Amino acid sequence: MSKVEKLIAELCPEGVEFLSLKDVARIRNGRDYKAYGEGSIPVYGTGGVIARIDTAAYEKASVLIPRKGSLNKLYFIEEPFWTVDTIFYTEINEDLIMPKFFYYCLVTQRLEDLNQAGGVPSLTQTVLNKILIPIPPLAIQQEIVKKLDTFTELEAELEAELEAELEARKKQYEY
């Protein structure tokens, strides 16, 4: 039996409670950033960092959820940031859920299947707020995050190795 399974058996023998997203986090809209000066605070859009300014919209850990475009491109942010209107940010109730656990839960949701538009893919707060999120005790969340972080780090290492190998093969074939 794994450590997570032992913790589940010990801390929630009746099963894990599920809450609506709106009960664990508040979804906030991004805004235009052009009135602010240049700085070190990243400005996020659906495609990632698009600028850096001197003012933050939020300074705590958050999950950024695309509102338009690539709906499956979530970001977990732990430093101050700003978001534009194509991406939501979340104010997470850390008494209930660890921000990184919340991120991993949303990654599994296949948000692109919740598309609300015919042209450019779109999500609404109404649809997002209905998503059910498992809320195991924080000790279990911590163990799950630790395991998933390990897999994520390994995946990044393997991807870097493959990229290096590909580059080496390209150079080899050029000779």
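## The main core

The largest nonpolar core has 27 residues, and Ile65, Phe102, Leu106 and Ile133 have the most contacts inside it. This picture comes from a predicted model. Six elements each supply at least two residues of the core: α2 (21-24), β2, β5, β8, α3 and β9 (132-135). Helix α3 gives the largest share, six residues.

A second, separate core has eight residues. Among them are Leu64, Phe81, Ile87 and Tyr89.

## The sheet

Four strands form an open sheet. Their order is β2-β8-β5-β6, and the pairing is antiparallel. Which strands stand at the edges? They are β2 (25-28) and β6 (75-77). Each has a single partner strand, so one side of each is left without a neighbour in the sheet. From one strand to the next, the twist averages 30 degrees.

Now take the pairs one by one. Strands β2 and β8 are joined by four bridges. Here Ala25 stands opposite Ile92 in β8. Strand β5 (residues 62-66) is joined to β8 (residues 87-92) by two bridges. In this pair, Ile65 stands opposite Phe88, and Pro66 has Ile87 as its bridge partner. Three bridges join β5 to β6. Across that pair, Leu64 is partnered by Tyr75 in β6.

## Two strands, two settings

In a regular strand the side chains alternate between the two faces of the sheet. Strand β2 shows such alternation. Ala25 and Ile27 point to one face and are buried. Arg26 and Arg28 point to the other face and are not buried.

How many residues of β5 are buried? Five of the five are, so this strand is largely enclosed by the rest of the structure. Both of its faces are covered. Ser62, Leu64 and Pro66 lie on one side, with Val63 and Ile65 on the other.

Ile65 deserves a closer look. Leaving out residues up to four places away in sequence, Ile65 touches Leu74, Ile87, Phe88, Thr90, Leu106, Leu111, Leu123 and Leu128.

## Helix α3 on the sheet

Helix α3 (residues 99-107) packs on the sheet. The helix touches β2, β5, β6 and β8. Its direction makes about 25 degrees with that of β5.

Is α3 mostly covered or mostly open? Seven of its nine residues are buried, so "mostly covered" is the description that fits. The buried ones are Pro99, Phe101, Phe102, Tyr103, Tyr104, Cys105 and Leu106. Phe102 and Leu106 also rank among the core residues with the most contacts.

## Met98 and helix α5

Met98 lies in the loop between β8 and α3. Is Met98 buried or partly exposed? Its relative accessible area is 23%, and buried means under 20%, so Met98 counts as partly exposed. Beyond its neighbours within four places in sequence, Met98 is in contact with Leu138, Gln141, Gln142 and Val145. Met98 and Lys130 are 32 residues apart in sequence. In space, their C-alpha atoms are 19 Å apart.

Helix α5 (residues 138-174) has 37 residues. From its first C-alpha to its last, α5 reaches 53 Å. That is close to the 54 Å expected at 1.5 Å a residue. Within α5, Ile140, Gln141, Glu143 and Val145 are buried. Two of these, Gln141 and Val145, are contacts of Met98.

Conventions
Residues numbered from 1 in each chain as written. Predicted model: local features only at pLDDT ≥ 70, side-chain atom pairs only at ≥ 80, totals over all residues. Heavy atoms only, no water. Pairing = 2+ DSSP bridges. Axes fitted to C-alpha atoms, helices over the stretch in contact; angles between N-to-C directions. Contact = heavy atoms within 4.5 Å. Buried < 20%, exposed > 50% of the residue type's maximum accessible area, 1.4 Å probe, protein only. Expected span 1.5 Å × (residues − 1). Core = buried A, V, L, I, M, F, W, Y, C linked by side-chain atoms within 4.5 Å.
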